[in-house]
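Me: I'd like to go through this protein with you, a bit at a time. Can you keep it plain?

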Amino acid sequence: MDGTKNMRIKMARMEAGLSQAELAERVGATRQTIGLIEAGKYNPTIKLCLAMCKALGKTLDDLFWE
C-alpha cells in the first residue's frame, strides 16, 4: 500500500464521522488493525476491503486503487 491509499482510507473514515474503533466494530476487525491499515503496515484481505467500503459508502476504486 502507498501513502495516498492510506490517506484515502483515513479521510473516508473521518468524513463518515467514525473513529478507528467504530469502523473496526462495523467491519469485524480490531481498532489496531484499522490503525495498521491506515499506517500502511497491514495489507487487508479482500473481504476486509469490501467490508470497509460498505461501511464507508465507498467503492474499492475509491479507497484502494489508483
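Me: What pattern does the protein follow along the sequence?
Reply: This is a predicted model, where local features need pLDDT of at least 70, side-chain atom pairs count only at pLDDT 80 or more, and totals for chains, interfaces and linings use all residues. Residues are numbered from 1 along each chain as its sequence is written, and side-chain values use heavy atoms, with hydrogens and water left out. Helices (H or I, at least four residues) and strands (E, at least two) are DSSP runs, numbered from the N terminus. The protein has 5 helices and 0 strands, so to speak in symbols, the pattern is α-α-α-α-α.Me: What is the radius of gyration of the protein?
Reply: That radius is taken over C-alpha atoms, and the globule rule is 2.2 Å times the number of residues to the power 0.38. For 66 residues the rule gives 11 Å, and the protein comes close to that, so it is as compact as a globular protein of that length. The C-alpha atoms fill a box of roughly 25 × 25 × 20 Å along the principal axes. The radius of gyration itself is 10 Å.

Me: How many of the residues, in percent, count as buried?
Reply: Buried means under 20% relative accessible area, exposed over 50%, and partly exposed in between (1.4 Å probe, protein chains only). Of the 66 residues of the protein, the buried share is 38%.

Me: At what angle do the axes of α2 and α4 cross?
Reply: Axes here are lines fitted to C-alpha atoms, for helices over the stretch in contact, and angles run from 0 to 180 degrees between N-to-C directions. Helix α2 covers residues 20-27 and helix α4 residues 46-56, and their axes come within 9 Å. The crossing angle is roughly 115 degrees.

Me: Which residues of α4 does α2 meet?
Reply: Contact means heavy atoms within 4.5 Å. From the α2 side, Leu23, Arg26 and Val27 take part. By class, the contact has 7 nonpolar, no polar and 1 charged residues, where Ala, Val, Leu, Ile, Met, Phe, Trp, Tyr, Cys and Pro count as nonpolar, Asp, Glu, Lys and Arg as charged, and the others, Gly among them, as polar. On the α4 side, the residues are Leu48, Ala51, Met52, Ala55 and Leu56.

Me: Is Leu23 buried or exposed?
Reply: Leu23 sits in helix α2 and touches Arg13, Leu18, Ile34, Met52, Ala55 and Leu56, leaving aside residues up to four places away in sequence. With a relative accessibility of 0%, Leu23 is buried.

Me: How far apart in space are Leu23 and Ala51?
Reply: Leu23 belongs to α2, and Ala51 is among the α4 residues that α2 meets. In sequence the pair is 28 residues apart, but C-alpha to C-alpha the distance is 9.7 Å.

Me: What is the relative accessible area of Glu38?
Reply: Glu38 lies in helix α3, residues 31-39. Not counting residues up to four places away in sequence, Glu38 touches Asn6, Ile9, Lys10, Arg13 and Gln20. Glu38 is buried, and the relative accessible area is 10%.

Me: Which residues does Arg31 touch, not counting residues up to four places away in sequence?
Reply: Arg31 is also found in helix α3, and at 40% relative accessibility it counts as partly exposed. Its contacts are Gln20, Ala21 and Ala24.

Me: Where is Tyr42 found?
Reply: Tyr42 is partly exposed, at a relative accessible area of 35%. Tyr42 and Met11 are 17 Å apart in space, C-alpha to C-alpha. As for the place of Tyr42, it is the loop between α3 and α4.
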